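Here is a short report on one protein chain. Have the sequence and the 3D view open as you read.

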Amino acid sequence: GHARRRSGHRIGRLAMPRFLKEFFDRNGLGLGSVMLGLVLFWTIGLIILPQLSMLDFSFRPNLPPPEIGGPKDVYTMENYKYLVFGPEGGSQDYNAVDLKVFYRTLVAAIFVTIFNLILCYPIA
C-alpha cells in the first residue's frame, strides 16, 4: 500500500501542516487566505507593533515633539527608575504609590483573565 505522510500535506511544492490543510479544506483557499491574512494583520499590526512601540517609548525620556530624534532622545532606564524609586530626593525609599497601582493592575489583569477563561472558554 501507499505510505501516508503524517507530518503535513503538499499543495504544489509547498509543504503544509495538517491543521492548515484542514483549515483550507473547510474554508476554501480564497476565504481561508483572507481570514488568515486578517488575523495576521490584527495580531501583528494591532497588537505586536503597538506593544513594541510602547516598549521603545518606555526607554526614552518624555520630550516635546521637536526634540524627538535629537541629541536628547537617548535610551535610558530613568522611567523604570522613577517607577521603582520615585523622584530623586523623595522622602521614601520606594515609589509606593506607583508600585501599588502597578501591582493592582497586574492583579486585576490576572483575575480578569481567569474570569474570562472560566466564563468564556466553556461557551466557545
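The report goes from the whole chain to its helices, its aromatic pairs and two residues in loops.

**The chain as a whole**

The model is predicted. The chain has 124 residues, and 8% of them count as buried. Its secondary structure comes to four helices and two strands. Starting at the N terminus, the order of the elements is β-β-α-α-α-α. Look next at contacts between residues at least 6 apart in sequence. Of these, 2% join residues at least 24 apart.

**Helices H1 and H2**

How are two packed helices described? The angle between their axes and the distance between the axes do the job. Helix H1 covers residues 18–27. It packs against H2 at an angle of about 120 degrees, and the two axes are 7 Å apart. H1 is therefore oblique to H2. The crossing of the two helices is right-handed.

Which residues of H1 meet H2? They are Leu 20, Phe 23, Phe 24 and Asn 27. On the H2 side, they meet Leu 29, Leu 31, Gly 32, Ser 33, Met 35 and Leu 36.

**Aromatic pairs**

A pair of aromatic rings is described by the distance of the centres and the angle of the planes. The structure holds three such pairs. The table gives two of them, with their values.

| Pair | Centre to centre | Angle between planes | Type |
|---|---|---|---|
| Phe 23 and Phe 24 | 5.5 Å | 70 degrees | edge-to-face |
| Phe 85 and Tyr 94 | 5.7 Å | 25 degrees | stacked |

Phe 23 and Phe 24 are both buried. Both also take part in the meeting of H1 with H2.

Is Phe 85 buried or partly exposed? Its relative accessible area is 44%, so Phe 85 counts as partly exposed. This residue sits in helix H3. Set aside its neighbours within four places in sequence. Phe 85 is then in contact with Gln 92, Asp 93, Tyr 94 and Asn 95.

**Asn 95, between H3 and H4**

One of those contacts, Asn 95, deserves its own look. Where is Asn 95? It lies in the loop between H3 and helix H4, which spans 96–123. Phe 85 and Asn 95 are ten residues apart in sequence. In space, their C-alpha atoms are 4.8 Å apart.

Why does Asn 95 count as buried? Its relative accessible area is 9%, and buried means under 20%, so Asn 95 falls in that class. The side chain of Asn 95 makes a polar contact of 2.9 Å with the side chain of Asp 98. Leaving out residues up to four places away in sequence, Asn 95 touches Tyr 82, Leu 83, Val 84, Phe 85 and Gly 86.

**Asp 73, between H2 and H3**

Now move to another loop. Asp 73 is found between helix H2 (29–58) and helix H3 (78–85). Its relative accessible area is 17%, so Asp 73 is buried.

What does the side chain of Asp 73 reach at 2.8 Å? The partner is the backbone nitrogen of Gly 69. A polar contact of 3.4 Å also joins the side chains of Asp 73 and Arg 60. Residues up to four places away in sequence are again left out of the next list. Asp 73 touches Arg 60, Pro 61, Leu 63, Glu 67 and Ile 68. Arg 60 thus turns up both in the polar contact and among the residues that Asp 73 touches.

Methods
Residues numbered from 1 in each chain as written. Predicted model: local features only at pLDDT ≥ 70, side-chain atom pairs only at ≥ 80, totals over all residues. Heavy atoms only, no water. Buried < 20%, exposed > 50% of the residue type's maximum accessible area, 1.4 Å probe, protein only. Polar contact = N/O pair within 3.5 Å; in protein donor to acceptor, adjacent residues only side chain to side chain. Contact = heavy atoms within 4.5 Å. Phe/Tyr/Trp six-rings, centres within 6.5 Å; stacked < 30°, edge-to-face > 60°. Axes fitted to C-alpha atoms, helices over the stretch in contact; angles between N-to-C directions. Parallel < 35°, antiparallel > 145°, perpendicular 65-115°, else oblique. Left-handed = near helix turned anticlockwise from the far one by under 90°.
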